[in-house]
Amino acid sequence: MDCEQVKELLDAYALGAAEPEEAAALEEHMEDCARCWHSLSEAQRAAAAIALSATLCRAPDSLRRNILAEVERMQRSD
Amino acid sequence: MQRLILCDRHAFEEIYDRFGDLVYSTALRVLRDPHLAEDISQEIFVRLWRKPESYVAERGRFLTWLISVARNRAVDEVRARGRRQRYETASPEEQERELPAGDAIDPALNAQLAEQRRIVRAALAELPPEQRQVIELAFFGGLTQQEIADRLAQPLGTVKTRIRLGMQKLRGALAPVTRSEPI
């Protein structure tokens, strides 16, 4: 995959909508193309920002409680 | 994050208190199931505690990474269950539960995120409906471009163009959000 093909696919990849084989080819290209890596970071930030359009809900209290209990269990077993 | 890598429990709690609602809300938007969203959120935070090094600072900002992890993990769950989520906007019940402004543990961060949320919603609302639709089907619905084309009975090329054009506009409109912390 060359830079031009990456540019075409970048937004779909950032949204998680690229087909698995396309995504793999793009990731391979990213390993040694700093310019495309920069464009991808931008696209990924824009994609992640879309999550902010979701209704912000208060997580249940049990979530915090269960996470901290699990963390404590792990600390004790270390 | 440095403190978290040193297994600082207080730092970990601080991260949860800042971003727990956001992670949970992102998972809930994708999964549409409060119990599943809670399970996935727990898994994400426990994994963050166990492997804080999975966040590589050079690769981007922490919140962008955390939201992407939440979205991707929720989509994996949807795919694993073979369910197909619909992309419609928040249900009335969800809107009723919207966290009131100012009701947060970190008021400064809450105000900043509220402003960013306003910008993102406005930017999405400005898009032509067909572009917004494909972007939401991809991001929240977890569908690939081909799956979107099949779902909408549209040519794949049309879906690709709509995604590109829509994201191009979003990148411009969201610049005030993506160029500032915390996203």
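Reading chain A from the N terminus, its elements run α-α-α-α, which makes for four helices and zero strands. Please keep in mind that this is a predicted model.

**Chain A**

Of the 78 residues in chain A, 38% count as buried. The C-alpha trace of the chain spans about 50 × 35 × 20 Å along its principal axes. Its radius of gyration is 19 Å, whereas a compact globule of 78 residues would have one near 12 Å.

Helix H3 of chain A, residues 34-50, makes a nice check on helix geometry. Its 17 residues should span 24 Å at 1.5 Å a residue, and the end C-alpha atoms lie 25 Å apart, which agrees. The buried residues of H3(A) are Leu40(A), Ala43(A), Gln44(A), Arg45(A), Ala46(A), Ala47(A), Ala48(A), Ala49(A) and Ile50(A). Two residues from this list, Ala47(A) and Ala49(A), will come up again below.

**Chain B and its domains**

Chain B has 10 helices and zero strands, in the order α-α-α-α-α-α-α-α-α-α from the N terminus on. Buried residues make up 37% of its 183 residues. Among the contacts in chain B between residues at least 6 apart in sequence, 69% join residues at least 24 apart.

The domain assignment for this chain gives domain 1 (1-84) and domain 2 (118-183). Taken over C-alpha atoms, the centres of domain 1 of chain B and domain 2 of chain B are separated by 22 Å. Nine residues from domain 1 of chain B and six residues from domain 2 of chain B take part in the contact. On the domain 1 side, the elements that give two or more residues are H2 and helix H4 (62-80) of chain B. The largest share of that side, six residues, comes from H4(B). By class, the residues on this side of domain 1 divide into four nonpolar, one polar and four charged.

**Where the chains meet**

Which element gives the most to the side of chain B that touches chain A? To set the scene, 56 residues of chain B are in contact with 34 residues of chain A. H2(B) gives the most to the chain B side, with 11 residues. That side has 26 nonpolar, 16 polar and 14 charged residues.

**The nonpolar core**

In soluble globular proteins, nonpolar side chains tend to be buried together. Here the largest nonpolar core has 66 residues, and those with the most contacts inside it are Leu15(A), Ala49(A), Ala27(B), Ala138(B) and Ile163(B). Helix H2 of chain B (residues 9-31) provides the largest share of this core, 10 residues. Domain 1 (1-84) and domain 2 (118-183) of chain B both give residues to the core, so it lies between them.

Leu15(A) is a good place to start looking around. Leaving aside residues up to four places away in sequence, Leu15(A) touches Ala47(A), Ile135(B), Ala138(B), Phe139(B) and Ile163(B).

Met167(B), in helix H9 of chain B, is another residue worth a visit. Is Met167(B) buried or exposed? With 25 C-beta neighbours inside 10 Å, Met167(B) counts as buried. Again leaving aside residues up to four places away in sequence, Met167(B) touches Asp11(A), Ala43(A), Ala46(A) and Ile135(B). Ile135(B) thus appears in the contacts of Met167(B) and in those of Leu15(A). The C-alpha atoms of Met167(B) and Asp76(B), which are 91 residues apart along the chain, are separated by 23 Å.

**Two residues with positive phi**

Most residues other than glycine have a negative phi. Two loop residues of chain B are set out below.

| Residue | Phi | Loop | C-beta atoms within 10 Å |
|---|---|---|---|
| Arg32(B) | near 60 degrees | between H2 and helix H3 (34-50) of chain B | 18 other C-beta atoms, partly exposed |
| Ala153(B) | about 55 degrees | between helix H8 (145-152) and helix H9 (156-173) of chain B | 6 C-beta neighbours, exposed |

Arg32(B) has a positive value in a residue other than glycine, and Ala153(B) likewise has a positive phi although it is not a glycine. With 18 other C-beta atoms within 10 Å, Arg32(B) is partly exposed, while Ala153(B), with 6 C-beta neighbours inside 10 Å, counts as exposed.

Key: Residues numbered from 1 in each chain as written. Chains lettered and ligands numbered in written order. Predicted model: local features only at pLDDT ≥ 70, side-chain atom pairs only at ≥ 80, totals over all residues. Core = buried A, V, L, I, M, F, W, Y, C linked by C-beta atoms within 7 Å. Buried ≥ 20, exposed ≤ 12 C-beta atoms within 10 Å, placed from the backbone. Domains from an automatic or database assignment. Contact = placed C-beta atoms within 7 Å. Nonpolar A, V, L, I, M, F, W, Y, C, P; charged D, E, K, R; others polar. Expected span 1.5 Å × (residues − 1). Rg over C-alpha atoms; globule rule 2.2 N^0.38 Å.
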